[in-house]
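Here are my notes for a first look. Please read them with the structure open beside you.

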Amino acid sequence: MQRPIVTHFFDEPTNTFSYVVQDPDSRACAIIDSVLDFDYAAGRTDVRSADNIIAFIRQHDLDVVWILETHVHADHLSAAPYLHEQLGGKTGIGANIVKVQEIFGKAFNAGSEFARDGSQFDALFEEGDTFTVGQLQGRVLHTPGHTPACLTYVVGDAAFVGDTLFMPDYGTARCDFPGGDARTLYHSIQKVLALPEQTRLFLCHDYKAPGRDTFQHETSVAEQVNENVHVHKGISEDEFVKMRTERDATLGMPRLIIPSVQVNMRAGELPPAEENGTVYLKVPINFF
C-alpha cells in the first residue's frame, strides 16, 4: 500500500490540524483543511498559519495539486483562496456543499449574488471519486452526519477524516448543526472503521481529553475500533445515537461558527464588500 508523507500544522486558537500530503516519489502534494487566522473581537484576518504552510512547501520545492476541505468548517475560516493564489492547485470539497450553501445561504440571507451550486470550488467530490497526487491514488468516502458534505480522503495508507472522529479518548463529532444527524454519523464512522486496521487516521481537531496533556492528531483504524469512547466495537447504533443526541444538547456553539460558515460556504472567500467598500459579516439573532 502506498504511504504518503504527511506533515501536520497546528493552530491552537482553533484546535485545528492542517496537513500537507506528499507523494514520496515526486514533488506533488495536497493541502488539507487550512486555517485563515481571525481575530473576532477586532474583525481582522491574518495569514500567519497559511504562511507557515507556504514556507514549508517552498522550502521542500513541492508542487501543490490540490487544496482540499473535508467539510464546511464551523470553527475556523479556510485559507484556501490565499493558498491557491500563492501556490496554485485545484480546490475540492464534497458535492453536498450545495445542501450546506442552501441552508446557510438562507440563514445569512446571502442574496441572489451568492451561488448555491458549489461553483466556488474546482471539484465537487462524490462517494467513490478518485484523484491523484503525483503517483499517489486518492479516493473519496462520503461521511456525513456532522454536516451533509463531510468527506474522508483516503490516500494510500492515510485517511483524513475531518471532524468525523477525534482521538479515541475524546470520541466523535457533534451532530446538532443544521443538516447534521447522529444516526447518519454512526454509519459514516462504520465506513471509516471498515478500512484496513493499519490505516493511519489524521484528525482535523484535538481538545486534549481529560488526563491527557498533549495535543494529538494521528490514530489508526485499529485504535478507534478498540478504544473510541463513543463508538468502539460493541456499541450499537441506538446506543450511539442516544449518547450523541444527549451529549450534543449540552454543548454550546463554536466560538467562530458565525464568521466561519459565512466564509467557508464561499470556499474561503469573504462576502462581497458593500457600497462603502467594507466587508461585513452578519450575525443572525436566535438562529443557532
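1. Start with the buried residues of helix 1. In this predicted model, S49, A50, I53, I54, F56 and I57 of helix 1 are buried. They cover an arc of only 160° around the axis, so they sit on the same side of helix 1. R48 and Q59 lie on the other side and are exposed.

2. What do the buried residues of helix 1 pack against? Their partners are strand 1, strand 2, strand 3, strand 4 (37-39), strand 6 and helix 2.

3. Now the helix itself. Helix 1 covers residues 48-59, which makes 12 residues. From first C-alpha to last it reaches 16 Å, close to the 16 Å expected at 1.5 Å a residue. D61 follows helix 1 and has a positive phi, near 55°.

4. Turn to the sheet. It is open and built from six strands, in the order 1-2-3-6-7-8. The pairing is mixed. Which strands are at the edges? Strand 1 (5-11) and strand 8 (123-125) are, and each pairs on one side only. From one strand to the next, the twist averages 25°.

5. One pairing to check by eye: strand 2 (residues 16-22) and strand 3 (residues 28-32) run antiparallel. Four bridges join them. Q22 has C29, in strand 3, as its bridge partner.

6. Last, helix 2 (residues 80-87). Helix 2 packs on the sheet and touches strand 3 and strand 6 (63-68). The direction of helix 2 makes about 165° with that of strand 6. Helix 2 is also among the elements that the buried residues of helix 1 pack against.

How values were computed:
Residues numbered from 1 in each chain as written. Predicted model: local features only at pLDDT ≥ 70, side-chain atom pairs only at ≥ 80, totals over all residues. Heavy atoms only, no water. Pairing = 2+ DSSP bridges. Helix = DSSP H or I, 4+ residues; strand = E, 2+ residues; numbered from the N terminus. Axes fitted to C-alpha atoms, helices over the stretch in contact; angles between N-to-C directions. Contact = heavy atoms within 4.5 Å. Expected span 1.5 Å × (residues − 1). Buried < 20%, exposed > 50% of the residue type's maximum accessible area, 1.4 Å probe, protein only. Arc of directions from axis to C-beta.
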